[in-house]
Structure formats: C-alpha cells, structure tokens
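These are my notebook entries on one protein chain. I set down what I looked up, entry by entry.

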Amino acid sequence: MDFDPERAVRREALFGGVGSVLVQALEAGPLPPPFTTALSCELSPGGRVGAHVQQTDAEIVIALAGEAVLYVDGAAHPLVPGGVVGLPLGAKLEIDNASAEAPFRYLIVKAAYLPSR
C-alpha cells in the first residue's frame, strides 16, 4: 500500500512537537505476532515530534525520504533514506526534520515484547 495523503490522519504538534505529521496505517488486517502496527508517516518541513516513551511496543523507524535526526534516550541518530533506528520498549523518542524545505517520510513498525522461552 502506497502512502496516500488523502487517507492519512493529520496530527498537529504531536507529543508537544512542532508542525504536523501525516499518519497512515498500512495494515489491512491483523498482523502476525509479534507485529502490532505498521504506519507510514510524513513530518512537515522543519517539524518536530516531541519526546514520548515507547510504553507498549518496541518499534523501528525506517527512513524513506528526506533527512532527520532521531533522539533515542537523548542520543542523536541522523537518519537518511534506507536508514533504520530501533527503539526498545521504554525508550524515549524525539524526531527532528533536518530540512526546513522538504518533508521527512518514514515508516514505523511496532512489535510487542515476547519473552524468550
């Protein structure tokens, strides 16, 4: 499924950030465990997703277009297309779009914690 801005939900000042994020759920039905959600997102130029803690799922962020800096527990991770940053359960995340002119497009894939057997 391609990103469709018409089907996306616009979130303003997400988690106390700046600008807007378009968020589109990609799954058409339940995902197999441990995956819980797949989202396609677009952060506005100069936008920022404020600090928030991964409370229920671990996740990975995959950059598709543009450039951003992700802060995981305060540590900076520059992200360009094809780059991936992992966020364990309980990690704090912030996202800063590195461009004042272009949006930052990315995927978020969430997975539930499954204890080892």
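**Entry 1: charges.** For this entry I count Lys and Arg as positive and Asp and Glu as negative, leaving out His and the chain ends. The model is a predicted one. I looked up the charges of the protein chain and found 8 positive and 13 negative, with mean positions 6 Å apart.

**Entry 2: elements.** I then asked how many helices and strands the protein chain has. It has zero helices and 10 strands. Read from the N terminus, the order is β-β-β-β-β-β-β-β-β-β.

**Entry 3: overall dimensions.** I looked up the radius of gyration of the protein chain, which is 14 Å. A compact globule of 117 residues would have a value near 13 Å, so the two agree. The C-alpha trace spans about 50 × 35 × 25 Å along its principal axes.

**Entry 4: surface and contacts.** I noted an accessible surface of about 6,500 Å² for the protein chain, with 57% of this belonging to carbon and sulfur atoms. Of the 117 residues, 36% are buried. I also looked up contacts between residues at least 6 apart in sequence: 62% of them join residues at least 24 apart.

**Entry 5: the core.** Which residues touch the most other members of the largest nonpolar core? I found V21, L70, I95, F104 and Y106, in a core of 21 residues. Two or more residues of this core come from each of β2 (20–25), β3 (35–43), β5, β6 (68–72), β8 (84–87), β9 (92–97) and β10 (104–111). I followed Y106 further: setting aside residues up to four places away in sequence, Y106 touches, among others, V21, L39, V49, V61 and I95.

**Entry 6: Q54.** I located Q54 in the loop between β4 (48–53) and β5 (58–65). Is Q54 buried or exposed? Its relative accessible area is 4%, and buried means under 20%, so Q54 is buried. Beyond its neighbours within four places in sequence, Q54 is in contact with E59, L87, P88, L89, G90, A91, L93 and K110.

**Entry 7: Y71.** I found Y71 in strand β6. Its relative accessibility is 25%; partly exposed lies between the limits of 20% and 50%, and therefore Y71 counts as partly exposed. Not counting residues up to four places away in sequence, Y71 touches A76, K92, L93, E94 and D96. I checked the pair Y71 and E94 separately: they are 23 residues apart in sequence, and their C-alpha atoms are 5.0 Å apart in space.

How values were computed: Residues numbered from 1 in each chain as written. Predicted model: local features only at pLDDT ≥ 70, side-chain atom pairs only at ≥ 80, totals over all residues. Heavy atoms only, no water. Helix = DSSP H or I, 4+ residues; strand = E, 2+ residues; numbered from the N terminus. Rg over C-alpha atoms; globule rule 2.2 N^0.38 Å. Buried < 20%, exposed > 50% of the residue type's maximum accessible area, 1.4 Å probe, protein only. Contact = heavy atoms within 4.5 Å. Areas by Shrake-Rupley, 256 points an atom, 1.4 Å probe, with all protein chains shown as cover. Charge placed at Lys NZ, Arg CZ, Asp CG, Glu CD. Core = buried A, V, L, I, M, F, W, Y, C linked by side-chain atoms within 4.5 Å.
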